[in-house]
Amino acid sequence: MIFNMEFETLPREALEAIQLRRLKEVVGRVYATVPFYRKAFDEAGVKPADIKSLADITKLPFTTKKDLRDNYPFGMFAVPMENVVRIHASSGTTGQPTVVGYTRRDVDTWAELMARSLAAGGATPDDIIHNAYGYGLFTGGLGVHYGAEKLGASVIPISGGNTKRQIIIMRDFKPSILTCTPSYALHLAEAAEEMGVDFENLLFKSGIFGAEPWSENMRLEIERKLYLSALDIYGISEVIGPGVAMECLEAKNGLHIFEDHFIPEIINPETGEILPPGSTGELVFTSLTKEAFPIIRYRTRDITSLSYEPCICGRTMARMKRVQGRTDDMLIIRGVNVFPSQIEAVLMDMDQVEPHYQLVVEREGTLDTLTVLVEVGEKAFSDEIRDLQNLEREISHNIKETLAVSAKVKLVEPKTIARSEGKAVRVVDKRKL
Ligand code: DLL
């Protein structure tokens, strides 16, 4: 089923006319209701009336995570608390959590966007959705849940964790769509194997995976192990949660941004300069329709690029490449920048290793060093030490060849790297200890 596809296939001029109308409205609204924005706009010398075209968005100042922290918890809300019906918060792994609010209409908008996302991933009212994103302050669980109900699908609100029980439910209820983080999908595959449940005998057709970076090679690995079509979904609490952008089943090549609700931009993270389509940089979002927590030119710190090329699915919305990582997760090893997902792609290209790895960053003197811990299968681990050492050298060589980064590689026994039930911890930064 195609859910509200009319917005997704609009000619660009019609889409942009909607965006401009909504942009003017939201800018006027935040100026009138959020002291932070009024002050920021005044300091930048811009008034709502200055927004006459979409290009005028660049007159507005950026909003950063620090701004949200300074206004913790509810200072950025644009409506009185009596109109807020839901509160979510980011996990706060990099400091104070950021808190976001939703009005009744926001919850409805979000449900609709998630219904559109699920539909782009092949979901219909006939589907049973096994939703293993965490329920709680994290937006994943409830975001998918409301979208699934809006679409008319049957949702299993299993949440994350209790993995054995998840496998039993899958075996017995035969869900057709799996929603969770890509790392948890692999954990589920492993647990199923241990319990003698074969994914080939389950009825999954697609998996809608996001909330953390994953590589194209990881997609192939997941598809091979779980017998489904693995699709990427992107979202961020500050913008709405999941349902900001989603890959289509037809092309599986970049995530369509729901531009009738969000305006994306790509900037140079160092200078703030706007970059043209196709350039890689930091993703910035403006929300056009949110009531409780509208956000203007929010710097997500996520690194990607935009394309406006038509897609075979017929959608006319901008597409973003899969997010490589965030500026704050980028490692600088002996002067070379590298994202964990790039190391992942190299590892997943090798048959002998398992899709479970962790990167350890340490400081030796003034230099940062990188050690890649990666699991090998039972069989490889029982090989001669010499074979394992050769494999370590080969992986290290491939990393150097592909990414120009020197890394020490350490093969570890099967199932020794901690499995995640939500967002995987890929980097252990011992410099911070
Ligand atoms: O992770 C929302 C979400 C839930 C998205 C379920 C998809 C599925 P936050 O907890 O606020 O929100 O974290 C947002 O996660 O800025 C990215 O760095 C990262 N992220 C989210 N989706 C992807 C993805 C949710 N598909 C932060 N690829 C974002 C890479 C992603 N990174």
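## Where helix 1 meets helix 2

Val27, Val30, Tyr31, Ala32 and Thr33 from helix 1 touch Pro35, Tyr37, Arg38, Phe41 and Asp42 from helix 2. Sorted by class, this contact has seven nonpolar residues, one polar and two charged. Keep in mind that we're looking at a predicted model here.

How are the two helices set against each other? A packed pair is described by the angle between the helix axes and the distance between those axes. Helix 1 covers residues 12–33 and helix 2 covers residues 35–44; they pack at about 105°, and their axes are 5 Å apart. Angles from 65 to 115 degrees count as roughly perpendicular, so helix 1 and helix 2 are roughly perpendicular to each other.

## A four-stranded open sheet

Next up is an open sheet with four strands in the order 20-19-18-21 and mixed pairing. Strand 20 (408–412) and strand 21 (427–429) sit at the edges; each has a single partner strand, so one side of each has no neighbour in the sheet. Going from one strand to the next, the twist averages 20°.

The mixed pairing shows up around strand 18. Strand 18 (residues 353–364) runs parallel to strand 21, and three bridges join them. Val360 has Val428 of strand 21 as its bridge partner, while Leu359 stands opposite Val427 in strand 21. Helix 9 (residues 340–348) packs on this sheet and touches strand 18, strand 19 (367–376) and strand 21. The direction of helix 9 makes about 135° with that of strand 18.

## The hairpin of strands 18 and 19

With strand 19, strand 18 runs antiparallel, and nine bridges hold the pairing. One of the partners to look up is Val376 in strand 19, which bridges to Val353.

What sits between the two strands of this hairpin? There are two residues between strand 18 and strand 19, and Gly365 takes a positive phi near 65° in the hairpin.

## The second largest pocket

Strands 18 and 19 turn up again in the second largest pocket, whose volume is about 440 Å³. Its lining has 22 residues, and the closest to the pocket centre are Ala189, Glu190, Glu193, Lys225 and Glu354.

Which elements build the lining? Helix 7 (182–194), helix 8 (216–226), strand 18 and strand 19 each put in at least two residues. Helix 7 gives the largest share, six residues. If you're thinking about chemistry, the lining splits into eleven charged, eight nonpolar and three polar residues.

## One enclosed cavity

How many cavities of 30 Å³ or more are there? The count comes to one, and the largest cavity holds about 50 Å³ of space.

The residues lining the largest cavity are Leu68, Asn71, Tyr72, Pro73, Met76, Phe77, Pro97, Thr98, Val99 and Phe293. By class, that lining has eight nonpolar residues, two polar and no charged. Set beside it, the lining of the second largest pocket has eleven charged residues.

Notes: Residues are numbered from 1 along each chain as its sequence is written. This is a predicted model: local features need pLDDT of at least 70, side-chain atom pairs count only at pLDDT 80 or more; totals for chains, interfaces and linings use all residues. Side-chain values use heavy atoms; hydrogens and water are left out. Axes are lines fitted to C-alpha atoms, for helices over the stretch in contact, and angles run from 0 to 180 degrees between N-to-C directions. Angles under 35 degrees count as roughly parallel, over 145 as roughly antiparallel, 65 to 115 as roughly perpendicular and the rest as oblique. Contact means heavy atoms within 4.5 Å. Ala, Val, Leu, Ile, Met, Phe, Trp, Tyr, Cys and Pro count as nonpolar, Asp, Glu, Lys and Arg as charged, and the others, Gly among them, as polar. Two strands pair if DSSP finds at least two bridges between them. On a 1 Å grid over the protein atoms alone, a cavity is a set of points where a 1.4 Å probe fits but cannot get out, and a pocket is an open set with protein on both sides within 12 Å along at least five of seven lines; lining residues have an atom within 4 Å of a point. Grid points are joined across faces, edges and corners, and a volume is the space filled by probe spheres set on the points.
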